[in-house]
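Trainee: Could we go through this one together, with a question for each part? I would like to practise reading it step by step.

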Amino acid sequence: MSKVTFYGHSCVGIESQAHKLIIDPFITGNELSPIKPDDVEAKFILITHGHGDHVGDGVAIAKKNNATVIANFELANLCAGEGCNIHPMHIGGAHNFDFGRVKMTMALHGGGYGEDASRYTGPATGFLITIDGKTIYHPGDTGLFLDMKLIGEMNQIDLAFLPIGDNFTMGIDDAVKAVEFLSPSIVVPMHYDTFPVIAQDPTEFASKVSGAKVVILKPGDSIDL
Ligand code: NI
Ligand code: MN
């Protein structure tokens, strides 16, 4: 069994019996975050793309925990340059780690690190993570894309996080369509309310979804998978 915790925005922690992972640890500067970077214990830091609200405190957390950063080749190497241990991957590739399997998926979004996002970090990505027999899909920042249908056909997704904030990613109606394509058992909305421009009502998303259980997690809330 794994415990999956939402820390606000796109930050998700996964704890299995033996392993701790964190995805997109944007904590400093996220007023909705219920934790501090020093609270995080994780051996693997998965980062979907180079934007500041996803890399977040990843480099500092990786170094403090002697953890491994899993990211696309370009972003992973940027993190290596900052002193992190890395495991680079790229879109379409999967790898078996100690904790389980990670497949890197495409995302319709940009990449770039730094104040002005000018340092090249390759394309944006998502992750399919299989751990303790359950598959979790974290798509990162993305617009709706038809290949989500293929991802849903080829994987039995137990839990999917989907951005609903609009402006930078899918909004509610496109995320509802994504649920149809992915057919996960459980879906959790993310990437909303952190900033005024991505304010959304997650209950509207919940009311529009059919065929999956929508669970709205407040930052700090968990699901036992
Ligand atoms: Ni982004
Ligand atoms: Mn973002």
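**Sheet and metal site**

Mentor: Happy to, and do keep in mind that this is a predicted model. Let us begin with strand β3 (residues 20-23), which is joined to β4 by three bridges, the two running parallel.

Trainee: Which residue stands opposite Ile22 in β4?

Mentor: Strands of a sheet pair through backbone hydrogen bonds, either parallel or antiparallel. Here β3 and β4 are parallel. Opposite Ile22, in β4, you will find Ile45.

Trainee: Which are the edge strands of the open sheet of seven strands?

Mentor: Follow the order, β6-β5-β4-β3-β2-β1-β14, where the pairing is mixed. An edge strand here pairs on one side only, and that holds for β6 (85-89) and β14 (222-224).

Trainee: Now the metals, please. Which residue bridges the nickel ion (ligand 1) and the manganese ion (ligand 2)?

Mentor: Start with the nickel ion (ligand 1), whose donors are His49 (NE2), His51 (ND1), His109 (NE2) and Asp141 (OD), at 2.2 to 2.3 Å. The manganese ion (ligand 2) lies 3.3 Å from the nickel ion (ligand 1), and the residue bridging the two is Asp141.

Trainee: What is the arrangement of the four donor atoms around the nickel ion (ligand 1)?

Mentor: Look at the angles, which run from 89 to 175°. A tetrahedral site would need all of them between 85 and 135 degrees. Because of the angles its four donor atoms subtend, the nickel ion (ligand 1) has an arrangement that is irregular.

Trainee: Is His51 buried, partly exposed or exposed?

Mentor: Buried would mean under 20% relative accessible area, and exposed over 50%. His51 has 21% relative accessibility, so it counts as partly exposed.

How values were computed: Residues numbered from 1 in each chain as written. Chains lettered and ligands numbered in written order. Predicted model: local features only at pLDDT ≥ 70, side-chain atom pairs only at ≥ 80, totals over all residues. Heavy atoms only, no water. Donors = N, O, S within 2.8 Å, 3.2 Å for Na, K, Ca; no water. Tetrahedral: all angles 85-135°; square planar, octahedral: opposite > 155°, others 65-115°. Buried < 20%, exposed > 50% of the residue type's maximum accessible area, 1.4 Å probe, protein only. Pairing = 2+ DSSP bridges. Helix = DSSP H or I, 4+ residues; strand = E, 2+ residues; numbered from the N terminus.
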